[in-house]
Amino acid sequence: MSNPADIEALSATVLEEAAARSAPFRLREPAALSSGVVFSSPHSGRVYFRELVAASRLSLHALRASEDAYVDHLFNGATDHGAPFLAAVAPRAYIDLNRAPGDLDPSLVDGAEARPANARVVAGLGVVPRIVAEGVSIYDGKISLGEARDRVAYWHAPYHQKLMDLLLRARRRFGRALLIDCHSMPTGASNPGARRLHAPVDVVLGDRFGMAADGALMDVIEAAFVDAGFRVARNAPFAGGYITERYGRPAAGVSAIQIELDRGLYLDQSFLEPTAEFGALRVALAGVVGRICDLVRDADPRATALAAE
């Protein structure tokens, strides 16, 4: 996708899909499964339902501030390399798939149980968000506990069940699995505060400081991005969220790595429209994705033992 007509068609999908309730996720499978890597994009959903737009104090454009716009299109070449790609349908402003299902915010959800302090929930970024980027409130008041639980049951639970199924399938087939959790970050987000003194980066790789992934995998993935011309940092300021923490179990044969990509590489961040660089970036990422998929190809001798766990 590199010409202006293609980019215009891509940016129009939000309007075409607005207010249309859909399946809880989109799954693209390869023609032939040949890699034990699974790609996930939990924040790129852009179906904005009538109930959200009507209940919100924000415009549709403002609601999109938390969206990882078009990340699913940037990485969907994974299927060309034998790996599945799972993507959100519902927007992050409606349900955050990178939060625990019990992360309900009592400041937003009427009747939600107060739990031990969780920095993200306190900040308004629970499983049902209270704010979008820059701390802007989505609603004037509260929503019911029943509505919050319905969102979790319809959107969150099926997404995570499918993600678990894909990882278990990969581990059975290849002896190990690698989850690549795809996100985007506002330009400058990788260098907040005092870090502005340091050179900005294009990509932040997160593995929970080594807890969620085999270190050798991180080394190779970092090298793949660097070789493609990207400036890369590890775990600062993004070390991974709920998805990385939940699924990353290197000792059990499943590693999880989060990728945060600078939106300035491909997006007009004021209008949330792809720029002319979108196509070239997708081509560059396709090469990186291919190298990542090559990391888990052949069946591992441990496959039988791991499958029996």
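A residue is called buried here when its relative accessible area is under 20%, and with that cut-off in mind the tour of this predicted model can begin at F49, which is buried because its relative accessible area is 2%.

Keep F49 selected and consider the aromatic pairs, of which a search of the whole structure finds five. The ring centres of F49 and Y94 are 4.9 Å apart and the planes meet at 75 degrees, so this pair is edge-to-face. It links distant parts of the chain, since F49 belongs to the loop between β2 and α3 (50–55) while Y94, 45 residues away, belongs to the loop between β3 and β4 (109–110). Y94 also counts as buried, at 2% relative accessibility. Adding Y154 and W155 to the selection shows the cluster that ring pairs form with F49 and Y94, and R151 can then be found over the face of Y94, 4.0 Å from the ring centre.

Next, select strand β3 (residues 85–88), which is covered on both faces, with F85 and A87 buried on one side and L86 and A88 buried on the other. Strand β1 (residues 25–28) runs antiparallel to β3 and is joined to it by four bridges, with R26 standing opposite A87. Strand β2 (residues 37–41), by contrast, runs parallel to β3 through three bridges, and S40 has L86 as its bridge partner there.

Finally, move to R176, in the loop between α7 (145–174) and β8 (177–185). Its C-alpha atom is 6.8 Å from that of G36, although these positions lie 140 residues apart along the chain, and a polar atom of the R176 side chain lies 2.7 Å from the backbone oxygen of L295.

Methods
Residues numbered from 1 in each chain as written. Predicted model: local features only at pLDDT ≥ 70, side-chain atom pairs only at ≥ 80, totals over all residues. Heavy atoms only, no water. Buried < 20%, exposed > 50% of the residue type's maximum accessible area, 1.4 Å probe, protein only. Helix = DSSP H or I, 4+ residues; strand = E, 2+ residues; numbered from the N terminus. Pairing = 2+ DSSP bridges. Polar contact = N/O pair within 3.5 Å; in protein donor to acceptor, adjacent residues only side chain to side chain. Phe/Tyr/Trp six-rings, centres within 6.5 Å; stacked < 30°, edge-to-face > 60°. Lys NZ or Arg CZ within 6 Å of the ring centre and 35° of its normal.
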